[in-house]
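This briefing goes through a protein model with a bound ligand, topic by topic. Please keep the sequence and the 3D view open while reading.

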Amino acid sequence: THHEKMLIVQRVGAKQNVGLIKLNRPKAHNALCTPLMKEMQTAVKEFEEDDKIGAIVITGSEKIFAAGADIKEMVVKDFATIYTGKDHFLDEWKTIAECKKPIIAAVNGFCLGGGCELVMACDIIYAGHHAQFGQPEINIGTVPGAGGSQRLTHAVGKSLAMEMVLTGNRIDAETALRAGLVSKVYPAKEVLAKAIELGEKIGEQSPLIVQMCKEAVNSAYELTLKEGLHFERRLFHATFSTHDRKEGMSAFVEKRKPKRSLD
Ligand code: CO8
């Protein structure tokens, strides 16, 4: 195929240890068509398998993150095809949620539908002042299909999630911050740099322990409190079998910096 590349994929940060994925389909407001999501899947997997990469940052442009799934691609689909999974529609989406390394989303402008669902499958969301989040699927006769009704409700609570999903009303960055959907808000020009800085900071940590932390926090969404506490305790125990735990604690006691390595 001869389609243009829809992503810009780079290594960034002083130590080149952050994988950057930039959505680059400006003519369609970065609509997340299948070729774009296939590129995304490849990029995420490559960074995930690369020992030099400590974290991944996904961003759009300074004007727009993404206007959702590609409506022009979906308009012709029928129930039987997508229900049976014959055309593998949406198969690429799980790569992001299943990635073992932390993924930070840096969001400017519209972040709608599948765009909002994509960033909610990431681990941390930073927003620019003019970011707008929404699940407008109802306006085109459908419902969120990539986690919007579930992850949004977990993040912002039932009342705001219902309001957004039932009306398509968007929320701005400040509201998203107050509701807990994003963790920081910055001027549009700074949000990507801040996200990369955060990625670099995570990249300084033990990759093994980072993966355990991510797994532990994510289990809070899947398990009962009792099971979650049990799982966390077991992970804690497991760190005692690692070099990085021993080195981390020894370095503290000896008042020096830890030398980290993969176990
Ligand atoms: N899909 C395809 N093309 C799009 C999309 C989209 N989601 N959004 C915008 N475009 C295209 C427009 O068709 C237009 O193309 P053209 O120039 O060829 O006519 C171009 O991008 C510019 O768009 P507008 O002229 O509309 O730009 P405006 O600045 O006037 O408006 C908006 C910007 C408000 C973002 C507007 O474009 C809009 O409302 N877009 C649709 C938003 C939407 O409904 N998103 C939800 C989509 S459904 C979804 O995401 C379900 C997810 C299901 C699971 C995931 C599946 C993969």
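The side chains of Gln135 and Glu137 are joined by a polar contact of 3.2 Å. The model is predicted. It holds 9 salt bridges, and 24 residues surround its ligand.

**Polar side chains in loops**

- Gln135, one partner of the 3.2 Å contact with Glu137, sits in the loop between β8 (132-134) and α6 (148-156).
- The relative accessible area of Gln135 is 0%, so this residue is buried.
- Thr242 belongs to the loop between α11 (225-239) and α12 (243-253).
- With a relative accessible area of 7%, Thr242 is buried, and its side chain reaches the backbone nitrogen of Arg245 at 3.1 Å.

**Ligand surroundings**

- Among the 24 residues around the ligand, the closest are Ala67, Ala69, Ile71, Leu90 and Gly114.
- Ala67 has a polar backbone atom 2.9 Å from a nitrogen atom of the ligand.
- For Ala69, a polar backbone atom is likewise found 2.9 Å from a nitrogen atom of the ligand.
- The side chain of Lys72 places an N or O atom 3.2 Å from an oxygen atom of the ligand.
- The ligand taken alone exposes 1100 Å², of which the protein buries 66%.
- Two or more residues of the shell come from each of α2 (71-74), β6 (110-112) and α5 (114-120); α2 gives the most, with 3 residues.
- By residue class, the shell divides into 14 nonpolar, 5 polar and 5 charged residues.

**Salt bridges**

- Lys15 pairs with Glu204 in a salt bridge whose closest N and O atoms are 2.9 Å apart.
- Lys15 lies in the loop between β1 (7-12) and β2 (18-23), and Glu204 in the loop between α9 (191-203) and α10, so this pair ties together parts that are 189 residues apart in sequence.
- Lys15 is exposed at 56% relative accessible area, whereas Glu204 is partly exposed at 44%.
- Arg25 and Asp70 form a salt bridge, with 2.8 Å between the closest N and O atoms.
- Because Arg25 is in the loop between β2 and α1 (34-49) and Asp70 in the loop between β4 (64-66) and α2, the pair ties together parts that are 45 residues apart in sequence.
- Arg25 counts as partly exposed, at 21% relative accessibility, while Asp70 is buried at 10%.
- In the salt bridge between Glu254 and Arg256, the closest N and O atoms are 2.7 Å apart.
- Salt bridges with shared partners join Glu247, Glu254 and Arg256 into one network.
- Glu254 is partly exposed, with a relative accessible area of 48%; Arg256 is also partly exposed, at 33%.

**Surface patch and helix positions**

- A nonpolar patch on the surface is formed by Ile138, Met162 and Leu166, which together have about 280 Å² of accessible area.
- Within this patch, Met162 is placed in helix α7 (residues 158-167).
- Met162 is partly exposed, with a relative accessible area of 42%.
- Gln211 is in helix α10 (residues 207-222) and is partly exposed, at 33% relative accessible area.
- From C-alpha to C-alpha, Gln211 and Glu92 are 21 Å apart in space, with their positions 119 residues apart in sequence numbering.

Conventions. Residues are numbered from 1 along each chain as its sequence is written. This is a predicted model: local features need pLDDT of at least 70, side-chain atom pairs count only at pLDDT 80 or more; totals for chains, interfaces and linings use all residues. Side-chain values use heavy atoms; hydrogens and water are left out. Patches are made of residues with over 30% relative accessible area and no salt bridge: like charges are joined within 9 Å, nonpolar side chains (Val, Leu, Ile, Met, Phe, Trp, Tyr) within 5 Å. Accessible areas come from the Shrake-Rupley method with a 1.4 Å probe; for residues, only the protein chains shown count as cover. A salt bridge is a side-chain nitrogen of Lys or Arg within 4 Å of a carboxyl oxygen of Asp or Glu. Helices (H or I, at least four residues) and strands (E, at least two) are DSSP runs, numbered from the N terminus. Buried means under 20% relative accessible area, exposed over 50%, partly exposed in between (1.4 Å probe, protein chains only). A residue is near a molecule or strand if one of its heavy atoms lies within 4 Å of it. A polar contact is a pair of N or O atoms within 3.5 Å; within protein, one must be able to donate a hydrogen and the other to accept it, and residues adjacent in sequence count only if both atoms are side-chain atoms. Ala, Val, Leu, Ile, Met, Phe, Trp, Tyr, Cys and Pro count as nonpolar, Asp, Glu, Lys and Arg as charged, and the others, Gly among them, as polar.
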